[in-house]
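Student: Hi! Could you walk me through a protein structure?
Tutor: Happy to, let's put it on screen.
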Amino acid sequence: MLQSIDDVIRALEQHQYISDRGLATTIFLGLKLNKPLFLEGEAGVGKTQVAKTLAAILDARLIRLQCYEGLDVNTAVYEWNYSQQMLHIRLMEATGVGREEARREIFSPQFLLKRPLLQAIEDNLPRAPVLLIDEIDRSDEEFEAYLLELLSDWQITIPEIGTLKAAHAPVTVVTSNRTREIHDALKRRCLYHWIDFPNFEKEYRIVLTKVPDAPDRLAQQIVRFVQELRRMELYKMPGVAETLDWSAALVALDQQDLSENVVNETLGALLKYQDDVTKVQGAVARELVERVRKS
Amino acid sequence: MNHGLLLKNLVLFSRLLRIVGLDVGPGQVIDLAAALEHVNIGRRDDFYFAARALFCHRRADLALFDLAFKLFWQSHRLAPLLMPVEPISALRPKRVRFPNASFREIPFDETAEEIKRAPQTERMILDVQQTYSAVEVLRQKDFEAYSWEEVQAAKQMLAQMTWRVGTRATRRKIPVRHGTHLDLRRVVRRNLKYGGEFLQLAWKQSKRKPRTLVVLCDISGSMERYTRMILHFVHTLSNGLEHVETFLFGTRLTRITRQLSRKDIDDAVGEVTKAVQDWGGGTRIGESIKEFNYRWLRRVARAGAVVLIISDGWDRGEVAILSREMERLQKSCFRLIWLNPLLGAPDYQPLTQGLRAALPYVDDFLPVHNLASLESLGRVLSRVEEARPARRGNFKFPKLGLSKAKDPES
């Protein structure tokens, strides 16, 4: 159904994701070549949303693995259900089952807890799922190394059971906030795309799509204001997610136009560092509001 | 064959290794004893590699092993075992005594010939002392007074220094013999043979990793006399440690981590020179640190990094920015160390505006003007462990020279 890049753009839009041609091309190629997507960008530019939208478009199951430091095979791939195993051993002991047989039995799939990566390559899924490996930069090098093998062969070896291979390789999206550099070896296996902050037109469309209650004029002012903020020297730039939060907040407050007071009171939805808030609050906010209302 | 003495020493050695943290058990000692049947123990290298192959299990072990090996097998009492004189089978316990600076074994029936040789030994000792004192002079000499030859000698000495940054506990667990957490997977597996009675436990505990070291180095005009040696020093740091990020600043910030990764020091310095455009100019420490905080801090200084700032604190920038950015930097790293080459002078006082603004946020304020000060820096770095220094903004000025200034009587 997704036969061209335009198809991808259209499909994404139908699912309320406003993309640009670069991203759509990457997604299209990822699907065609069966390669994982590696999406990098500032926080809140819609990296995770790409995976969610893809799952909706493909009508596939979304399997999400949130990364963190120390993430290991036991939480990412599989784990044996120890308490069940212990109970079962006791049970078998009471009924007098042989040792070898007991060993075979308690390491059977019945006692296997499937974590996200194993779920993603399970072969009883009707179609390839969408696998989201979120914020890979939070994990450590050891986990990255483990992913290398998985992403190229789509198979997992469990010593007690054997090697499991995916019937259909999952559509994989890896995201990173770039809090550290990811090793080249991993990036090499993926299609890389840097998602930038959107320009005015794109962000305006995003606000209209995601916050349909927002009046036209307000939406324009909001986006202009945020675009101006991104031009300033801030410790943490507001992302698209913050723009949407702020829009929703202003709609909830029944605003038709930006005003200095309301901006000052709701800056917390946009800026997350006190230094940034104090920098913008007051004079800067007044000037920005004036400029935004004039245009 | 009498292996008694050797075996006893091997056991003692393995005990030492266990104390310094290697996972060495009696099994490996037995293996090594067996291996030594096939290895010429007279050759120190062979013995070293055999022992290392059996006792070390990961790269981090190697440095510890080397230290322990040197310490143990070079101490006088054990020296005869490694002397290239007798095959192991000829070893027999006998009373020996040693002259002070030589490991040579001298039997009781010392012949006249050997007494004749004695002056030679003495001369050798003298030579050793001479080089020792030359080294000592070089260690204490201020970098800015180095001649070209001394720079070359110091480069070699720098290359021989080993660096270690304190570790932090990661969230990853590794199996250990005795640890803090139960390793359920191994427990179940191990106790299957007892029919589900849990007789043997298995343990795991947090894996430790060395902390990231971030170096911010001032290359402005006032630092020029020290820049060359400090670059050499930073190069040995980044080649000797696993995670080092290096930046230079004068009026702007330049990342030179990639350039310094070249093994050859002269190549690396050449690359750095090409990359940096503000050699020997003015300094804007505050703005440079701000740029680091905004652009790099969250990318390179994750998870409890140790940050080194090397600068004399002569700042032409805005003081308010410096103090605000230093505060942010200190809050985001595990330990903030300021190295100042001028601190080596006995009557130096950190009175410049920049330093006064920055020092309240500095955890350690240390000199960096000669090799000895680098060695003491090495000791500080290796001691950065779990305990974070108390940070209540009550920075204490170091005793060097300053107590004199404060106390009019002295």
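Tutor: We'll go through a few strands and a surface patch. This is a predicted model, where local features need pLDDT of at least 70, side-chain atom pairs count only at pLDDT 80 or more, and totals for chains, interfaces and linings use all residues. Residues are numbered from 1 along each chain as its sequence is written, chains are lettered from A and ligands numbered from 1 in the order in which they are written, and side-chain values use heavy atoms, leaving out hydrogens and water.

Student: Why is strand 1 of chain A largely enclosed?
Tutor: Because five of the five residues in strand 1 (residues 37-41) of chain A are buried. Buried means under 20% relative accessible area, exposed over 50%, and partly exposed in between (1.4 Å probe, protein chains only). Strands are DSSP runs of E, at least two residues, and helices are runs of H or I, at least four, numbered from the N terminus.

Student: Which residues are on its two sides?
Tutor: A:Leu37, A:Leu39 and A:Gly41 are on one side of strand 1 of chain A, with A:Phe38 and A:Glu40 on the other.

Student: And how many bridges join strand 1 of chain A to strand 9?
Tutor: Five, and the two strands run parallel. A:Gly41 stands opposite A:Ile195 there. Strand 1 of chain A also pairs with strand 8 (residues 171-176) of chain A, in the parallel sense over four bridges. Pairing needs at least two bridges found by DSSP.

Student: Switching to chain B, what stands opposite B:Phe365?
Tutor: B:Trp338 does. B:Phe365 points the other way from B:Asp364 and B:Leu366 in strand 9 (residues 364-367) of chain B.
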